[in-house]
Protein chains: 2
Amino acid sequence: MTSPRDESDDATCRWAVRLEYDGSRFVGWQRQASGRSIQDVLEAATARLAAGRPVPSIVAGRTDAGVHAAGQVAHFDLPRAASERLTGARLRDALNFHMKPDPVAVLCAARVDASFSARFSAIRRVYRYRILNRPARPALEAERAWHIRQPLDASAMQAAAAILVGRHDFTSFRASSCQAKSPVRTLDRLDVARDGETVTLHAEARSFLHHQIRNLAGTLKLVGDHRWSVDDVAVALAARDRSRAGPTAPPQGLTLLAVDYPEDPFR
Amino acid sequence: MTSPRDESDDATCRWAVRLEYDGSRFVGWQRQASGRSIQDVLEAATARLAAGRPVPSIVAGRTDAGVHAAGQVAHFDLPRAASERLTGARLRDALNFHMKPDPVAVLCAARVDASFSARFSAIRRVYRYRILNRPARPALEAERAWHIRQPLDASAMQAAAAILVGRHDFTSFRASSCQAKSPVRTLDRLDVARDGETVTLHAEARSFLHHQIRNLAGTLKLVGDHRWSVDDVAVALAARDRSRAGPTAPPQGLTLLAVDYPEDPFR
């Protein structure tokens, strides 16, 4: 006979993982018929810890094909029996073993409260968009940066970035496929800085719209080219019309660096 | 009738190029029957500028399979007729076009005096060896770093590195296949520094022996593990016996960063 306390236990335990991956080898985070996704790789590994049963995962940022992560966060529920044999370090090592040789790695893993959601508990997403700004095409950074030959004016880009920071209707910078209910987002940070041949954008917000950072990067590039003024960016933002902003920058420049929560689940 | 001055002109002009490449895709710099080399890629491109005739190239550092370059230097002689239509920028762009999509890029090109040798005129080679020191295997840096799980003591490694700097007989750190006449080299710099999960070695010398930096890295790793003391490294150096030093570190951590000349050919 089991005690009432045992009966009240759930059959699963929730785990969170912090992930690094090379997005150039995948069709994106989400499962798709067209090829392998990072979700496929992770869930093939988690299923092996659940006697082959599917273990659905929820992720903080559903990155597109070609977009990288250095600090993605996901959560999933493992059977309680399996969980009790695990520590964070053991789960990390087991998943890294099973995901080999795919360029997806669990940096850390931790048991979390069942109320934790990698997606809905997140209070901040931090992204970097990297531009390689030089005449020669990239060899070492081919899949890691947007290559732009003509010199960009990073100071002008920074001035334009400053007017995009804050709470705005970002319809002009939102993919037509974006499924978010509201186009209003609060952009907490958007910085542009040059370091030698590299121009780097840093973007932080509680959440982003689909393609928002790539559309911001594609628009700021027009300012860097002196084809657009800072005012043109203000006009594009106010227009609330995707066709009025710049093109979508390519995915390989984008990396999800970090996801923050009210309490760090990996502390 | 041609003037004596015309007759004295050579049929070729010498060019120098600075190269970046991802060594993970090649069998190394030098042509080999076992697969494609960086030399193959460059010389296939230079031959197209010489009406299909072979254009042999000489390189500053004959990197091994898997070793990268961010600032390799090579030289070659192009027919004078072709050279007269070229500028450095045009040659850079033409070679980058012909080498596409291989991860080899010409960063800059310049016409140089016929006495210039990428190999023999070099007065300094600068290499970086990067270790990713964390439990999780690398996803983004898989082909760019040596992965070591257990924490390394970078301060101990730096103390051991200090005794290797200077003019020594480096027989203990030289590949058995090394063809250099003398095992004596002057190591101008060997530094070890930690930045978060990354431990980086910087090495500078006029020239290095075959596998010297990888053998130094493999030996310093033993010090970082506290398996060897600084004195053990001194003993290994004094032994002048390859079997007394540590193992050869894997190639993917190594990058040739720069080659210096008495005058910068690309200035």
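**View 1. Residues 160-262 of chain A, part of an annotated domain.** In this predicted model, residues 160-262 of chain A are 27% helix and 30% strand. The end C-alpha atoms of this stretch are 31 Å apart. An unreviewed UniProt entry places the annotation "domain: Pseudouridine synthase I TruA alpha/beta" on residues 20-120 and 160-262 of chain A. Residues 20-120 of chain A are 28% helix and 26% strand. Here the end C-alpha atoms are 20 Å apart.

**View 2. Helix H7 of chain A and its buried face.** Helix H7 of chain A spans residues 230-239. Val233(A), Ala236(A) and Leu237(A) are buried in this helix. Seen down the axis of H7(A), its buried residues fall within an arc of 100°, so they line one face of the helix. On the other side of H7(A), Asp231(A) and Ala238(A) are exposed. What do the buried residues of H7(A) pack against? Their partners in chain A are helix H5 (154-164), strand E7 (166-169) and helix H6 (212-224).

**View 3. The two ends of helix H7 of chain A.** At the start of H7(A), look for Ser229(A). A side-chain oxygen of Ser229(A) comes within 3.3 Å of the backbone nitrogen of Asp231(A). That same Asp231(A) is one of the exposed residues of the helix. Arg240(A) follows H7(A). The phi of Arg240(A) is positive, near 50°.

**View 4. Tyr127(A), an annotated position in strand E5.** The unreviewed UniProt entry gives the annotation "binding site" for Tyr127(A). This residue is found in strand E5 of chain A, which covers residues 124-133. Is Tyr127(A) buried or exposed? Tyr127(A) is buried, with a relative accessible area of 10%. Residues up to four places away in sequence aside, Tyr127(A) touches Gly61(A), Thr63(A), Phe208(A) and Ile213(A), among others. Its contacts also include Leu201(A), His202(A) and Ala203(A). Leu254(A), Thr255(A), Leu256(A) and Leu257(A) are among the residues touched by Tyr127(A) as well.

**View 5. Asn133(A) and its polar partners.** Asn133(A) also belongs to strand E5 of chain A. Asn133(A) is buried, with a relative accessible area of 6%. Which backbone atoms lie 2.8 Å from a polar atom of the Asn133(A) side chain? One is the backbone oxygen of Gln150(A), at 2.8 Å. Another is the backbone nitrogen of Leu152(A), also at 2.8 Å. Beyond its neighbours within four places in sequence, Asn133(A) is in contact with residues including Ile148(A), Arg149(A) and Pro151(A). Arg194(A), Glu197(A) and Val199(A) are also among the contacts of Asn133(A).

**View 6. Cysteines without disulfides.** How many disulfides does the whole structure hold? The search finds zero over all chains. Take Cys13(A). The closest cysteine sulfur is in Cys108(A), 18 Å from the sulfur of Cys13(A) and too far for a bond. Cys13(A) is buried, with a relative accessible area of 4%. Cys178(A) is buried too, with a relative accessible area of 14%.

**View 7. Helix H2 of chain B under cover.** Helix H2 of chain B runs over residues 38-48. Nine of its eleven residues are buried, so the helix is mostly covered. Among the buried residues of H2(B) are Ile38(B), Asp40(B), Leu42(B), Glu43(B) and Thr46(B). What covers them includes strand E1 (12-21), strand E2 (57-59) and strand E3 (68-79) of chain B. Helix H4 (88-99) and strand E4 (104-112) of chain B also take part in the cover.

**View 8. Ala16(B) in strand E1.** Ala16(B) lies in strand E1 of chain B. Ala16(B) is buried, with a relative accessible area of 0%. Its contacts, neighbours within four places in sequence aside, include Ala74(B), His75(B), Cys108(B) and Ala109(B). Phe116(B) and Phe266(B) are also among the residues in contact with Ala16(B). How far from Ala16(B) is Asp40(B)? The two are 24 residues apart in sequence and 17 Å apart in space, C-alpha to C-alpha.

**View 9. The two chains and their rotation axis.** Chain B superposes on chain A by a rotation of 180°, with 0.0 Å of shift along the axis. The RMSD is 0.0 Å. The two copies are thus related as by a two-fold rotation axis. Which residue of chain B comes closest to the rotation axis? Glu141(B) does, at 5.6 Å (C-alpha). Of the interface residues of chain B, 100% are also interface residues in chain A, so the copies meet through the same surface.

Technical notes: Residues are numbered from 1 along each chain as its sequence is written. Chains are lettered from A and ligands numbered from 1 in the order in which they are written. This is a predicted model: local features need pLDDT of at least 70, side-chain atom pairs count only at pLDDT 80 or more; totals for chains, interfaces and linings use all residues. Side-chain values use heavy atoms; hydrogens and water are left out. Buried means under 20% relative accessible area, exposed over 50%, partly exposed in between (1.4 Å probe, protein chains only). Helices (H or I, at least four residues) and strands (E, at least two) are DSSP runs, numbered from the N terminus. The arc is that of the directions from the helix axis to the C-beta atoms. Contact means heavy atoms within 4.5 Å. A polar contact is a pair of N or O atoms within 3.5 Å; within protein, one must be able to donate a hydrogen and the other to accept it, and residues adjacent in sequence count only if both atoms are side-chain atoms. UniProt positions are given in the numbering used here, feature names are shortened, and annotations may be inferred rather than shown by experiment. A disulfide is a pair of cysteine sulfur atoms within 2.5 Å. Copies are superposed by least squares on the C-alpha atoms of residues with pLDDT of at least 70 in both.
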